[in-house]
Amino acid sequence: MTTGANKGRSVVIVGGGIAGLAAALCFARTGAKVRVYEQAKELKEVGAGLQITPNGAAVLKALGLSEIADKRAIRGAAVRPMDAISGKQVASFDLTQLDGEPYRFFHRADLLDILATGAIQAGVEITTDARAEELGPDYVRFSNDETVQGDLIIGADGLHSVVRQDLNGRDTPFFTGQVAWRSVVQVRDAEPVARIWMGPKKHVVTYPLIGGRMNIVAVQERDDWVAEGWHYFDEPSHVREAFADCAPELKNILDQMQTTRLWGLFRHPVAKVWHDDTRVILGDAAHPTLPFLAQGANLALEDAYVLADECDRCEDQSTALALYQSARRDRVSRAIEAANANAVNYHLQGMKRTAAHAALGLLSATAPQLFLKRMDWLYGHDVTAEKS
């Protein structure tokens, strides 16, 4: 990006998560005066791991964060779909053959810290313990009694975004019939591999994190509702009960869990309105996605770069915001549809499951590059590439 229209622009960002801090850094590097307001008392991520794929990693590279990312993450070597019941490997796909930046496994807190440090070094002001309580066309009033004006107000305030609601009104999410548990356990000498343990009406994703840890996300289909959000503690025994019929290797991993958080998976629509003349949303505030394609953080990184880039290129802010939505809407919608499809494919039963596993194994054995090619629309997309 080259400094242009963003120079001197006053930007107020509601939300200090990955989306908000990435946007802060992107705007600050192009000359904007940026202030971030986070409702939590400190910048932290309660979650566990996340996967930053080459498309998201391209943004980290453009922001000068590749070197520190290598120190704070593990480079992924492969993705291996597994049969959760038998424990047998169904397929293996070599992530080192992907073009572009490395595929990395991060702890969320590490990525957040990298972005926060970069933003502060770029001159971003960050205020915590400040919840947005009133929005105007060019101002936000926060719970700390501070009212802040800005040329641009960015809603990076996640699933329950107040900025999204102000632009769109309330939407009605629906329960997908699935719940998920997150946990991190201690491991020794884990391979740098993401495994997808697929079982009837359930699955588990595991991959290593720095510091001898392993990230676990376990998903089960059920009829009863669980409150949306993932700040709810649950008993690890409930996870072990749900996967009691699985292979010993997987059960041994789940046996290591000492604490876990449970959340219900709800589907929200992509927002119809992403912006007006002075306010805009990005990341989960604009397009929440189910966690079955590992793209939530990656799409947020892409959004942040594209938003700052369009605003820097175009003197008229309203036009820039329209160009941003136009550039992003179809892509995020396609990614969300792919995540929704995985929610079905991971949980197949009976003959459908047998046939799908056989087809995946054949693809892995005979044409592994074809699988990677099929993902090129996602992983190979680089929003930082120079425009003509």
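Where is Asp145 found? We'll get there in the third view, after a word on the model.

This is a predicted model, so local features need pLDDT of at least 70 and side-chain atom pairs count only at pLDDT 80 or more, while totals for chains, interfaces and linings use all residues. Residues are numbered from 1 along each chain as its sequence is written, and side-chain values use heavy atoms, with hydrogens and water left out.

**View 1. Strand E2 and its two parallel neighbours, E1 and E8.**
Helices (H or I, at least four residues) and strands (E, at least two) are DSSP runs, numbered from the N terminus. E2 covers residues 33-37, and four of its five residues are buried (under 20% relative accessible area, with a 1.4 Å probe and protein chains only). Strand E1, residues 10-14, runs parallel to E2 and is joined to it by five bridges; two strands pair if DSSP finds at least two bridges between them. Look for Ile13, which stands opposite Val36 in E2. Strand E8 (residues 125-127) is also parallel to E2, this time with three bridges. Here Arg35 sits opposite Glu125 in E8.

**View 2. The crossover from E1 to E2.**
Follow the chain out of E1. The path goes through helix H1 (residues 18-28) and on to E2, making a right-handed β-α-β crossover. Right-handed means that, with the strands pointing away from the viewer, the path from the first strand over the helix to the second runs clockwise.

**View 3. An open sheet of three strands, and a loop with Asp145.**
The strands come in the order E9-E10-E11, with antiparallel pairing. At the edges are E9 (132-135) and E11 (147-149), each pairing on one side only. Three bridges hook E10 (residues 139-142) up with E11, and Val140 has Val148 as its bridge partner there. As for the opening question, Asp145 is in the loop between E10 and E11. Asp145 has a positive phi of about 70°, although it is not a glycine. With 69% relative accessibility, Asp145 counts as exposed (over 50%).

**View 4. Ala294 in another loop.**
This loop lies between strand E19 (279-281) and helix H8 (296-313). Ala294 isn't a glycine, but its phi is positive, near 55°. Is Ala294 exposed or partly exposed? Ala294 counts as partly exposed because its relative accessibility is 25%, and partly exposed covers the range between the buried and exposed cut-offs.
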